[in-house]
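Work through the exercises below with the sequence and the model open. Try each task before reading its solution.

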Amino acid sequence: MIAMQEELNQFERSEVWELVPRPSNQSVIGTKWVFRNKMDENGIIIRNKARLVAQGYNQEEGIDYEETFAPVARLEAIRMLLAFACFKDFILYQMDVKSVFLNGFINEEVYVEQPPGFQSFNFPNHVFKLKKALYGLKQAPRA
């Protein structure tokens with residue numbers, strides 16, 4: 001429960017969505033929780049992780065989204081970057097963004113169901129209109 005609440009708090013901080021009445025002419029995508037346990041080198045669970053993902057397999061190209069994109073870096077490009085950085089004495093930093101998809105804005109109007117177990121008591125029939133990408137959407141990597 002704590003891991004799920006942390007994920008939803010991250011959504012609130014990033015302003016990923018807004019609660020709106022259910023649209024009559026637009027499809028609504030379901031959501032589900034994906035759970036994973038992080039373990040240390042001895043196999044002891046050190047952290048529980050929860051991620052809310054959209055059930056993007058229900059989306060249809062041309063109706064719900066226009067194009068997809070998979071960001072892939074070729075090995076030659078990475079080698080060239082490293083060689084150039086060495087030549088110019090640049091300092092390179094590596095970073096891992098915990099919620100990378102939550103930073104990309106989406107162009108289409110996308111509505112998702114409220115997270116299972118966290119429905120609003122005041123507005124149980126409302127849905128979330130996405131402002132930013134959510135894991136599981138077909139257009140999320142492009143955003």
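Buried means under 20% relative accessible area, exposed means over 50%, and partly exposed lies in between (1.4 Å probe, protein chains only). The model is predicted: local features need pLDDT of at least 70, side-chain atom pairs count only at pLDDT 80 or more, and totals for chains, interfaces and linings use all residues. Residues are numbered from 1 along each chain as its sequence is written, and side-chain values use heavy atoms, with hydrogens and water left out.

**Exercise 1. Salt bridges**

Task: Find the salt bridges, place their residues and classify their exposure.

Solution.

Step 1. Set the rule. A side-chain nitrogen of Lys or Arg must lie within 4 Å of a carboxyl oxygen of Asp or Glu. The count by this rule is 3 salt bridges.

Step 2. Take E113 and R22. Their closest N and O atoms are 3.0 Å apart. E113 sits in the loop between β5 (111-112) and β6, and R22 in the loop between β1 and β2 (28-29). The pair thus links distant parts of the chain, 91 residues apart. Helices (H or I, at least four residues) and strands (E, at least two) are DSSP runs, numbered from the N terminus. R22 has 42% relative accessibility, so it counts as partly exposed. E113, at 26%, is also partly exposed.

Step 3. Take R47 and E6. Their side chains form a salt bridge at 3.8 Å, N to O. R47 belongs to strand β4 (residues 45-54) and E6 to helix α1 (residues 2-14), 41 residues apart. R47 is partly exposed at 34% relative accessibility. E6 is partly exposed at 40%.

Step 4. Take R74 and E76. The closest N and O atoms are 3.4 Å apart. R74 reaches 58% relative accessibility, so it counts as exposed. E76 has 45% and is partly exposed.

**Exercise 2. Aromatic pairs**

Task: Classify the ring geometry of W17 and F128, and state what the pair ties together.

Solution.

Step 1. Set the rule. Rings of Phe, Tyr and Trp (its six-membered ring) pair if their centres lie within 6.5 Å; planes under 30 degrees apart count as stacked, over 60 as edge-to-face and the rest as tilted. The structure holds 4 aromatic pairs.

Step 2. Apply the rule. The ring centres of W17 and F128 are 4.0 Å apart and the planes meet at 15 degrees, so the pair is stacked.

Step 3. Place the residues. W17 is in strand β1 (residues 17-20) and F128 in strand β6 (residues 127-130), so the pair ties together parts that are 111 residues apart in sequence.

Step 4. Check burial. W17 has 8% relative accessibility and counts as buried. F128, at 11%, counts as buried.

Step 5. Extend the group. F11, W17 and F128 make up one aromatic cluster.

**Exercise 3. The sheet**

Task: Give the strand order of the open sheet and identify its edges.

Solution.

Step 1. Set the rule. Two strands pair if DSSP finds at least two bridges between them.

Step 2. Read the order. The open sheet of 4 strands runs β1-β6-β5-β2, with mixed pairing.

Step 3. Find the edges. β1 and β2 each have a single partner strand, so one side of each is left without a neighbour in the sheet.

Step 4. Inspect one pairing. β5 and β6 are antiparallel over 2 bridges. V112 has F128 as its bridge partner in β6.

**Exercise 4. Surface patch and backbone**

Task: Describe the nonpolar surface patch, then list residues with positive phi that are not glycine.

Solution.

Step 1. Set the rule. Patches are made of residues with over 30% relative accessible area and no salt bridge: like charges are joined within 9 Å, nonpolar side chains (Val, Leu, Ile, Met, Phe, Trp, Tyr) within 5 Å. Areas come from the Shrake-Rupley method with a 1.4 Å probe; for residues, only the protein chains shown count as cover.

Step 2. Name the patch. L75, I78, L81, L82, F84, F87, F90 and L92 form it, with about 830 Å² of accessible area together.

Step 3. Look at one member. I78 lies in helix α2 (residues 75-87). Its 38% relative accessibility counts as partly exposed.

Step 4. Turn to phi. E15, in the loop between α1 and β1, has phi near 50 degrees. D89, in the loop between α2 and β5, has a positive phi of about 55 degrees. D89 counts as exposed at 67% relative accessibility.
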